[in-house]
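Trainee: Could you walk me through this structure before I go back to the bench?

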Amino acid sequence: PSALGMYIQCPLHFFLSRVSRIEEAEELEETIDASTMGTVIHGVLEEMYRPHCGDFLRPAHIEEMIAGAEKLTRQQFSVHYPQGDIDSGKNLLLFHLAKQYISGFLREEKKFLAACAESGKSLRLAGLEQGLEATIQVMVMGESVEVKIRGKADRIDFLDGRLRVIDYKTGRVNPAELNVREWDQVTSDSGLGKAFQLLTYAWLCRSMYPETQLIEPGIASMRAAGQ
């Protein structure tokens, strides 16, 4: 879905990156950049939730995760930012910001699970970083061609039988980016990239989980939870 979104925004960028496989030159990060921050936060959440795949989540599970958040965050930075110093200067501030985002998300999750318990609802974690794929027929120069679409969902869970596919975002999420008024806009307006990604994930889940009637794609904003 992110690659298709790249194509909508700039076909040349898509061609150079995804077809020609031309990679940008790596530069030494003097300070933690946004992509590294996002990778670290994704890694921490995956490590925390992985032992509970298949389980019905409880507030007590989240309490354990909160207790181990700092240690796991430091471990993930050592993996994805091995040459960097996170104990001083701007990087120290960014390290604490990453912890704040993670802790904020977990606190909101704990509150949500407590509310679910009170109302008799259940939340079962089904998958993390789960590969999804489906095929679609498209016409190319008058010939029908089968194209495989694939992606990786940050998280899939079931809330009272409703499948939720969740995309973690560490950057800012503007509600206008998710407001689709006309379907044709989704494949022509680059400003609706996040909505396009979510709808693509929902379509992929429909193919992978055909028995599920209700599918709800959504974004979990780390920045919003951490404020």
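Mentor: We can start with the whole chain and then turn to a pair of helices. This is a predicted model in which local features need pLDDT of at least 70 and side-chain atom pairs count only at pLDDT 80 or more, while totals for chains, interfaces and linings use all residues. Residues are numbered from 1 along each chain as its sequence is written, and side-chain values use heavy atoms, with hydrogens and water left out.

Trainee: How many helices and strands does the protein chain have?

Mentor: There are eight helices and four strands in the protein chain, where helices (H or I, at least four residues) and strands (E, at least two) are DSSP runs numbered from the N terminus.

Trainee: And what share of the residues is buried?

Mentor: Buried residues, meaning those under 20% relative accessible area with a 1.4 Å probe and protein chains only, make up 38% of the 227 residues.

Trainee: Switching topic, at what angle do α4 and α6 cross?

Mentor: The axes of α4 (residues 59-67) and α6 (residues 89-119), which are lines fitted to C-alpha atoms over the stretch in contact, with angles running from 0 to 180 degrees between N-to-C directions, cross at roughly 165° and come within 9 Å. That makes α4 roughly antiparallel to α6 (an angle over 145 degrees).

Trainee: Which residues in α4 meet α6?

Mentor: Pro59, Ile62, Glu63, Met65 and Ile66 in α4 do, and their partners in α6 include Leu106, Arg107 and Leu113, where contact means heavy atoms within 4.5 Å.

Trainee: What about leucine 97, how far is methionine 37 from it in space?

Mentor: Leucine 97, which lies in α6, is 9.3 Å from methionine 37, C-alpha to C-alpha, although the two are 60 residues apart in sequence.

How values were computed
Angles under 35 degrees count as roughly parallel, over 145 as roughly antiparallel, 65 to 115 as roughly perpendicular and the rest as oblique. Buried means under 20% relative accessible area, exposed over 50%, partly exposed in between (1.4 Å probe, protein chains only).
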